Amino acid sequence: MEIPRGADTRVRPYRGDANSKGGGRSLQARNGGIEVENPYLPYPVRIESIVTETEDRNLKTFKLVFLDAEDEAKFRYHAGQFAELSIAGQGEIPIGIASSPTEEGYLLFTVNKAGKVTNYLHNMKEGDIMGVRGPLGNWYPWETLEGRNVVIIGGGFAFTTLRSSIVYMLDPANRARFNDITVVYGARSPGLLLYKNELIQWEKRDDITMHITVDGTNDPDWKYNVGFVPAIVKEKAPDSDNAYALVCGPPVMIKFTLPTLAELGFPPERIITSLEMRMKCGIGMCGRCNIGTELVCKDGPVFTFDYLSTLPGEY
Amino acid sequence: MREYTEKIREAARRLLSEKKVDAVIGFRKGTLPFMNEPCIVKHADQADRLYWDGNCGVNLANYLAKRADRVAVVAKGCDSRNIMVHVLENQISRDQVYILGAPCRGMLDRRRILAELGGKDPLRVEEQNGKIHIEGRDFGLTLNREEYLQENCALCTHRNPVEYDELVGELVEEQKDVDRYADVREVEALSADERKAYFQELIAPCIRCYACRNACPLCYCPTCFVDESRPQWVGKSLDPVDTMTFHFLRAYHCAGRCTDCGACERACPVGIKVRQFTKKLEKDVLELYGYEAGLDMNERPPLDTYRTGDPEDFIK
Amino acid sequence: MTEMYIPKNKIDDAVQEMMAQHKVFAPVLQGRFHDFAPLSSPEEVDWECRNTRLSPKGLFHRHSERMFDYSLSKDDPEAGILKESPKDFSPRVVLNIRPCDARALQLVDVNFDTPEYRDPWWVKRREATTLVGLACNDPCSTCFCGSVGTGPFDAAGVDVLLVDAGEGYVARACTDKGEGLLAEIASGEPVTAEIREKVEALKKQAETSMADLHLNLDLIAEKDMKELFNEEFWEDVHFSCINCGTCTFLCPTCWCFDIQDEVYEGKGMRLRNWDSCMYPLFTLHASGHNPRDQKLQRVRQRFMHKFKYYLDKYETATPACVGCGRCVQHCPVNIDIREVVRRMAASCVCPA
């Protein structure tokens, strides 16, 4: 069966808004000629606070504040996008934006300590200067999700853009646009959950249904679920009628969650995910992040599973 | 050397149908004059793809490291030495490899021949009795084979495979009285400043493509030192200091292991004489430790072991 | 459009006239082969050069581009903030670029000059450069530009096209920029009908002398991407490849790059260097996962990108290949792109 590839199945970001593209100041031409905004130039930001999220200290949330208010005005983003965090002398890393566009005055990024740049970042201090380039990539299809039930399924530290999504939807200005919100979020143990305080607050609300889970725990005071995320999804069985699922997590979690969602009646075009790839430019030019024709940094990172199934499985 | 083709095909057919090996690695006829393509044959009925002539300079040992299957490989003298080095370094076990030894009279230097044609395209080439007959659209030229061998082949002292399971041709006479290191001595005679200038000029065209490294059978590190980021040892731009660091360090990593197969020089797209880095170290290892790479499976390489008689005058 | 005839004994004067207002780059013999180099005098140009070893893409997408500088010194209030490195975008002429290489620049434009993002260095260099192409009277035996949508006399990518008509060169302006350049040349004479006929004859001869590969690129365009991806012939194609990167570095339509920070004593710079999909590091995640850790995947990626993904993504009829033949000539293991593409097209034909 020919799977249609086109605007109906792809998650297409709204590109009409000129401010949603990344970039910095223009390249000053020495000999006149055209001015070209330099998309590789990061906005300078200051680290305002650092919160260690997990007990293994591998994940830290950095709150970044723009040095220049004009830059902040240019950085208008949507939940689901990412940015390249730039550290002079080290390099850049593509990290999902954990803050929601409704949170003004700062950006949040939750970074896993994995390699050269992330290790350096983890050793930086409040007050240090770094850079942010973005917002980059496409975003979760908010227009399409209006009037729908939204099921958010996250595992481990892939939850960052999902936090952005939840905060965005729960904001009073937005809540009425969406129907039921269900969240299944799990980590290996309680100490490895991100945003613990917020999870607890959300759990108490009646406009969102939270299913927090851990793979296992010895904590006798653990109030929530115990079980792998796919198993909890199966158990809680969110209704697939008029619903979209946003799934982000490690490959093994996704592998087992997809069949569960299929059984619940979610078709692949209503299951959305955000992919990771090695990236450098973040703007679709350096060529390394492609899956077939799609550049994950520019045509993604958000894709429907339906669309992904038309692409070679090289990711 | 084209007579070898039949023997190679016959051996491949036999070994594959008797299931003595899972695959045979050799060459197939190239799509360009003076080039052949390494190929792998896994079924006896594909054996006729295999081909051999004087343009088989690529070192097939490059395809052996960390293989899990049993393979037969067509190996010239230098290739067979590299297979021995692989065995010594535990990259493959001796009983995994069935060596089809191919005594070699030297491989042609394609680039030097093309330079001789002054930009004209060769369309048909035939080698006969020590002569190379080249025909193009509106020209014909005959060259003496001996004058257009790869530089390493002209100085080769191990034309016959040092280790083999079967020969695909008659053993050839080894060259005698070959001065392998005349060019190295010339550089050794230069002053330090002159040497620096010499090497700077040598690598000036380098575009950091790493073709030399990738063509070399010895360069099988899962992550090459130039690709490490924690810490980052070498920059990746065309900075001359970084470029020299790459070439010098790579040469040192090949010290005591290099068989002077010439794969690096063949591969370089900008014609750098990459062997100038490795030959000096080959000479040093020979003079300091009396060792040549890949000749004896029972002797550990000099940088791998220690003998009481090893020179110590650098310890002050 | 302006046309003029420049006799060979006047061509150096014409080049000198170009040099008065522009920095001129042309193929210069450097050792055993040619490369584009800035001219200090017109005599340096080798008019007999068939093509350069490295493509002229390096004049626009530099091998190593210094993007930004920054200080890392603790006392500097601007420490850690990136500043654009100064560049020179003065007017340039690239002389004797072959039609294939010029067409390649257009194919690469779609990558660097997009509606959403524009690469400042590529865009500004393209804008500042006038391309003077030299038609190929005598294509090499490895050229196949005619089979991939361009040709030895193709003026698509150039601002001025020169044709060697024997005793002199016919120069024809193809764009406004070309008009502007020819206006600077005083050494031109009118083009006679006889010469014009000769040019036509040369064009025909060049086009017919090149072997037509009969590559049915439409078949590749129509085939499903995943099916082509999963074909069995890749197993045979990939074996000899040593992932050396030569093809990508010499190719005029390869554009992939890496971004690196380099630091020295309290100062640093962010650089952009050519990179290659041939290297495993190209797609390696920090977690250790590598979508293309097998050689077969990397080899397949290159050909799929050039002849399938590019066609599909940019909805164009021409692949990201101009048939310059450099990869054919210089692949150390003789992986022949003409053969690979033939197999890609052949796999699309269902057995009757």
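**Notebook: helix packing in chain A, then chain C**

I looked first at helix 6 and helix 7 of chain A, whose crossing is right-handed (the near helix is turned clockwise from the far one by less than a right angle; helices are DSSP runs of H or I with at least four residues, strands runs of E with at least two, numbered from the N terminus). I note that this is a predicted model, in which local features need pLDDT of at least 70 and side-chain atom pairs count only at pLDDT 80 or more, while totals for chains, interfaces and linings use all residues. Residues are numbered from 1 along each chain as its sequence is written, and chains are lettered from A and ligands numbered from 1 in the order in which they are written.

I found that the axes of helix 6 (residues 229-236) and helix 7 (residues 251-264) of chain A come within 8 Å and cross at roughly 15 degrees (axes are lines fitted to C-alpha atoms, for helices over the stretch in contact, and angles run from 0 to 180 degrees between N-to-C directions). The two helices of chain A are therefore roughly parallel, a term for angles under 35 degrees. Among the residues in contact (C-beta atoms, placed from the backbone, within 7 Å) I listed Val233(A) of helix 6 and Phe256(A) of helix 7.

I then turned to chain C, where an open sheet of 7 strands has the order 1-9-8-7-6-2-3 with mixed pairing (two strands pair if DSSP finds at least two bridges between them). Its edge strands are strand 1 (3-7) and strand 3 (33-38) of chain C. I saw that strand 2 (residues 23-30) of chain C runs antiparallel to strand 3 of chain C and is joined to it by 6 bridges, and that Ala26(C) has Ala37(C) as its bridge partner in strand 3 of chain C.

How values were computed. Parallel < 35°, antiparallel > 145°, perpendicular 65-115°, else oblique. Contact = placed C-beta atoms within 7 Å.
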